[in-house]
Amino acid sequence: MRSCGSRNSEPVWRRWIDIGLRGHTGEGLPEPSWVGRLEDRNVAFVRMLVSSGLRLQEGASMLTFEVPRRRLGGGRYYRGTVAAAVTRSKKQRTFYVAADAVGDVETYVASSRAWVIRRAQRVGRYDLLPGMR
């Protein structure tokens, strides 16, 4: 994989994630004027797609409980399944995703996402949605 910039050992796509999704400078430091939102979610999503080869529609259709879970003593990759309804061939298919990418999704679910859900529950946002439990 091609490298660029001052950190020559780092692949280009990792630099793109840091600069484009996390708002870092070319030197790898947080950009003070960055006003991005949802960096954890966006980085987890991109890393999952890049490491697994899932198509955009396939990855975007997955619910959090459909993402493979890390296991104690697990390996470098985890096996998951994509529903037939969202694949190009309309057949269920298996994919493999890097353990680090699964970890990014789990971290997002347990931190940023959980915080937003708790805040919405406190102010009663879910109470306004009919049919929600």
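**Exercise 1.** What percentage of the contacts in the protein chain with a separation of 6 or more is accounted for by residues 24 or more positions apart?

*Solution.* The structure under study is a predicted model. Within the contacts of the protein chain that have a separation of 6 or more, residues 24 or more positions apart account for 40%.

**Exercise 2.** Describe the secondary structure and the extent of the protein chain.

*Solution.* Begin with the elements: the protein chain has 4 helices and 2 strands. Next, establish their order, which along the sequence reads α-α-α-β-β-α. Finally, consider the extent: the C-alpha atoms fill a box of roughly 55 × 40 × 35 Å along the principal axes.

**Exercise 3.** Characterise the surface and the charges of the protein chain.

*Solution.* The accessible surface comes to about 9,500 Å². Carbon and sulfur atoms contribute 54% of this surface. Of the 133 residues, 29% are buried. For the charges, take the mean position of the 24 positive and that of the 12 negative ones; these two points lie 7 Å apart.

**Exercise 4.** Is Met62 buried or exposed? Determine also its location and its contacts.

*Solution.* First, locate the residue: Met62 lies in the loop between helix 3 (56-61) and strand 1 (77-82). Second, apply the cut-off: a residue is buried if its relative accessible area is under 20%. Met62 has a relative accessible area of 14% and is therefore buried. Third, list the partners: leaving aside residues up to four places away in sequence, Met62 touches Met48, Leu54, Val67, Thr81 and Phe95. Fourth, set sequence against space: Met62 and Ala83 are separated by 21 residues in sequence, and their C-alpha atoms are 8.6 Å apart.

Conventions:
Residues numbered from 1 in each chain as written. Predicted model: local features only at pLDDT ≥ 70, side-chain atom pairs only at ≥ 80, totals over all residues. Heavy atoms only, no water. Buried < 20%, exposed > 50% of the residue type's maximum accessible area, 1.4 Å probe, protein only. Contact = heavy atoms within 4.5 Å. Areas by Shrake-Rupley, 256 points an atom, 1.4 Å probe, with all protein chains shown as cover. Lys, Arg positive; Asp, Glu negative; His and termini not counted. Charge placed at Lys NZ, Arg CZ, Asp CG, Glu CD.
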